[in-house]
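Colleague: Could you walk me through this model? I would like to go from the overall fold to the details.

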Amino acid sequence: MKNGVTIGVVLAVLLLTMGAARGDVFGGVEVEAWAESSSGASDHEIPVVMDFGGGNQYVFGYRWNDGDTVTRPVRVSSDFDYDDYVDYTVTYGFGTQAQANTSEGAMIALNSIAGMVMTTEYDDFFGLSVINILYGSDEMGGNVTGQTWPALWLCGRDAYTDWQGTPHPASSPHNHTWEPAPIGMADRELHDAYWDGWTQCAAVGWDTIAPDITPTPEPATMLLLGGMAAPFVLKRRRRK
């Protein structure tokens, strides 16, 4: 019987490790779908949580290669934010290519996932913002009554200095603590193990809560360290 239990534990660890290697699992949660900055990108990867409220949460994965860029959404003269687009990309020289290792790059790539529709808006100074996210029948942002633009949250970030000149030390993703993004998504630099999260932002008071999914250690690591054979719980809402 002991041998049977031992074999069961080994198989569980191997299966979970294989699942993580396939990209089906990241940080202990199942990944709904993956997006890439370029075909076959594999240098780095992060999870991006989208919490639509009411228990409807998804974790998407994003991979990028060093030096990659992604093309910013193009505007034409009939678009309401065309002038801001021209000012930002041409007049102020930020160009039409976003760095792949930023939250902006991740969101542009994620918009290519089947069923994902993002509405974006250019500001001549701050650049591209996400104002609405639709995935299947779930939606957050400006198109939803009582909501404004989706809120970006971070789990893990680089050190930065705020507009008042106050320095803020780096925040490790390993403490599993979400915090509202102190900077825009174009300036949010990504690294392996960092998490991005998006939640609804209420129209009154701009109130929002952190994404519901808590980053956890990889399941295979949990089994190896804890000697546990029970399967972990995948905190992802399955679509009907």
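Modeller: Happy to. Let us first fix one term: a contact means heavy atoms within 4.5 Å. This is a predicted model, in which local features need pLDDT of at least 70 and side-chain atom pairs count only at pLDDT 80 or more, while totals for chains, interfaces and linings use all residues. Residues are numbered from 1 along each chain as its sequence is written, and side-chain values use heavy atoms, with hydrogens and water left out.

Colleague: Among contacts between residues at least 6 apart in sequence, what share joins residues at least 24 apart?

Modeller: Helices (H or I, at least four residues) and strands (E, at least two) are DSSP runs, numbered from the N terminus. By that count the protein has four helices and 15 strands. Of the contacts between residues at least 6 apart in sequence, the share joining residues at least 24 apart is 62%.

Colleague: What percentage of the 240 residues is buried?

Modeller: Buried means under 20% relative accessible area, exposed over 50%, and partly exposed in between, with a 1.4 Å probe and protein chains only. Among the 240 residues, the buried part comes to 43%.

Colleague: Which element gives the largest share of the largest nonpolar core?

Modeller: A nonpolar core is a set of buried Ala, Val, Leu, Ile, Met, Phe, Trp, Tyr and Cys residues joined through side-chain atoms within 4.5 Å. The largest one has 36 residues, and Met50, Phe60, Met107, Leu110, Ile133 and Trp198 touch the most other members. Elements giving two or more residues include strands S4 (44-51) and S5 (57-64) and helices H2 (82-91) and H3 (103-110). The largest share, five residues, comes from H3.

Colleague: Why does the salt bridge of Glu104 and Arg72 tie together parts that are apart in sequence?

Modeller: A salt bridge is a side-chain nitrogen of Lys or Arg within 4 Å of a carboxyl oxygen of Asp or Glu, and the structure holds five. The side chains of Glu104 and Arg72 meet in one of them, at 2.8 Å from N to O. Glu104 lies in helix H3 and Arg72 in the loop between strand S6 (69-71) and H2, so the parts they join are 32 residues apart in sequence.

Colleague: Is Asp196 buried or exposed, and what is its relative accessible area?

Modeller: Asp196 sits in strand S15 (residues 195-199), and its side chain forms a salt bridge with that of Arg188 (2.8 Å, N to O). Leaving out residues up to four places away in sequence, Asp196 touches Pro47, Trp153, Trp178 and Leu190, among others. Asp196 is buried, with a relative accessible area of 2%.

Colleague: Which class has 21 residues in the lining of the largest pocket?

Modeller: On a 1 Å grid over the protein atoms alone, a pocket is an open set of points where a 1.4 Å probe fits, with protein on both sides within 12 Å along at least five of seven lines; lining residues have an atom within 4 Å of a point. The largest pocket holds about 820 Å³, a volume being the space filled by probe spheres set on the points. Of its 29 lining residues, Phe126, Ser129, Ile183, Gly184 and Met185 are the closest to the centre. With Ala, Val, Leu, Ile, Met, Phe, Trp, Tyr, Cys and Pro counted as nonpolar, Asp, Glu, Lys and Arg as charged and the others as polar, the lining has four charged, four polar and 21 nonpolar residues.
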